[in-house]
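The following paragraphs offer a guided reading of one protein model, from its overall form to individual residues. Please keep the sequence and the coordinates in view while reading.

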Amino acid sequence: MRQKLPLLWEAAHQFASLQIRNTATIGGNVCRASPSGETLAPLLVLEASAVVRFSRGEKKLPFTELFLGPGKTLLGAKGLLREIEVPLPSKESRGTYLKHAVRGAMDIAMVGVAVLVTPDAGGKKTRDVRIGLGAVAPTPIRAKRAERALRGKAMARALVDEAARIAASESSPISDQRSGAEHRRWIVEALTRRGLEQSWKAATGKEVDG
Ligand SMILES: Cc1cc2nc3c(=O)[nH]c(=O)nc-3n(C[C@H](O)[C@H](O)[C@H](O)COP(=O)(O)OP(=O)(O)OC[C@H]3O[C@@H](n4cnc5c(N)ncnc54)[C@H](O)[C@@H]3O)c2cc1C
């Protein structure tokens, strides 16, 4: 997992305590469908699909369609998650999962951001950018407008800042005992910016320009 899907590996390492990590399953994390579930934003960004068995047969459901709301998935009461298919990202791509929580891994995420960046052949522009947000909407989401703003462009500071602001505007967080909605939006912006910077540097060896 660490070699082939390091983004998922990274998220799993920020997941609760050793005891929980050793008993919890990725299937349970997905089917629980908590908006803050640690593996969900990475799986969205990796464009994974769930193979689900129903009484009438099997269906392959993309993760982008799987989640309906907190605790609700297309599996309903009768679907059984049998398999999770994750296409291997291109060799050039690099990703980051950043979790914000008061007590680190031992706490449920206030915000989770997964970023996957693929540079072009010259390492100057992006070929693909994917951003997944957790705990800031009724389901984990892709920040599609922010992704579009970055795709095919040079990773300049002003653009990264703008994309991070767009990602925050795509979130619709609630206020609860962990954090206020405005604070969560601000953290989405900060973590998206950081995730883009770290992933770009890991993919190209270069800092974001400017
Ligand atoms: C102390 C503590 C800390 C935690 N910290 C975190 C954290 O940091 N991050 C995080 O994301 N979660 C956290 N959790 C939540 C939980 O442990 C995880 O979501 C875990 O992945 C659940 O996996 P499980 O195998 O125990 O699922 P279960 O609890 O057994 O199942 C969860 C739900 O999914 C259903 N289900 C399970 N497998 C399938 C299947 N194959 N097909 C259909 N339905 C299925 C079950 O019926 C149940 O409704 C924490 C929990 C505790 C107790």
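Of the 210 residues of the protein, 42% count as buried. The model under discussion is predicted. Its secondary structure comprises 8 helices and 9 strands. Taken along the principal axes, the C-alpha atoms fill a box of roughly 55 × 40 × 30 Å. For a chain of 210 residues, a compact globule would have a radius of gyration near 17 Å, and the protein, with 17 Å, agrees with that expectation. Contacts that bridge long stretches of sequence are well represented: among contacts between residues at least 6 apart in sequence, 64% join residues at least 24 apart.

The chain is divided into two domains, domain 1 spanning 6–85 and domain 2 spanning 94–204. Their centres, taken over C-alpha atoms, are separated by 20 Å. The contact between them draws 22 residues from domain 1 and 21 residues from domain 2. On the side of domain 1 that touches domain 2, the elements giving two or more residues are helix H1 (6–12), helix H4 (40–45) and strand E3 (67–69). Of these, H4 gives the most, with 5 residues. By residue type, this side of domain 1 divides into 14 nonpolar, 6 polar and 2 charged residues.

The interior can be considered next. In soluble globular proteins, nonpolar side chains tend to be buried together. Here the largest nonpolar core has 53 residues, and those with the most contacts inside it are Val111, Val113, Leu133, Ala167 and Val188. Because domain 1 (6–85) and domain 2 (94–204) both give residues to this core, it lies between them. Ala167 illustrates the surroundings of one such residue: leaving aside residues up to four places away in sequence, Ala167 touches Ile131, Leu133, Ala143, Ala146, Val188, Glu189 and Thr192. Two of the partners of Ala167, Leu133 and Val188, are themselves among the residues with the most contacts inside the core.

Attention now turns to the ligand. Which residues come nearest to the ligand? Of the 16 residues around the ligand, they are Ala16, Ala24, Gly28, Asn29 and Cys31. The elements that give two or more residues to this shell are helix H3 (26–32) and strand E5 (80–85). H3 supplies the largest share, 5 residues. In composition, the shell divides into 9 nonpolar, 5 polar and 2 charged residues.

Ala16 also deserves notice for its backbone. Most residues other than glycine have a negative phi. Ala16, although not a glycine, has a positive phi of about 50 degrees. Ala16 is found in the loop between H1 and helix H2 (18–23). With 16 other C-beta atoms within 10 Å, Ala16 is partly exposed.

A second alanine shows a positive phi as well: for Ala135 the value is near 75 degrees. Ala135 is found in the loop between strand E8 (126–134) and strand E9 (141–142). Is Ala135 buried or exposed? A residue is counted as buried if 20 or more other C-beta atoms lie within 10 Å of its own. Ala135 has 30 other C-beta atoms within 10 Å and is therefore buried. The two alanines thus combine a positive phi with distinct settings: Ala16 is partly exposed, whereas Ala135 is buried.

Notes
Residues are numbered from 1 along each chain as its sequence is written. This is a predicted model: local features need pLDDT of at least 70, side-chain atom pairs count only at pLDDT 80 or more; totals for chains, interfaces and linings use all residues. Domain bounds come from an automatic or database domain assignment. Two residues are in contact if their C-beta atoms, placed from the backbone, lie within 7 Å. Helices (H or I, at least four residues) and strands (E, at least two) are DSSP runs, numbered from the N terminus. Ala, Val, Leu, Ile, Met, Phe, Trp, Tyr, Cys and Pro count as nonpolar, Asp, Glu, Lys and Arg as charged, and the others, Gly among them, as polar. A residue is near a molecule or strand if its C-beta atom, placed from the backbone, lies within 6 Å of it. A residue is buried if 20 or more other C-beta atoms lie within 10 Å of its own, exposed if 12 or fewer, and partly exposed in between; C-beta atoms are placed from the backbone. A nonpolar core is a set of buried Ala, Val, Leu, Ile, Met, Phe, Trp, Tyr and Cys residues joined through C-beta atoms within 7 Å. The radius of gyration is taken over C-alpha atoms; the globule rule is 2.2 Å times the number of residues to the power 0.38.
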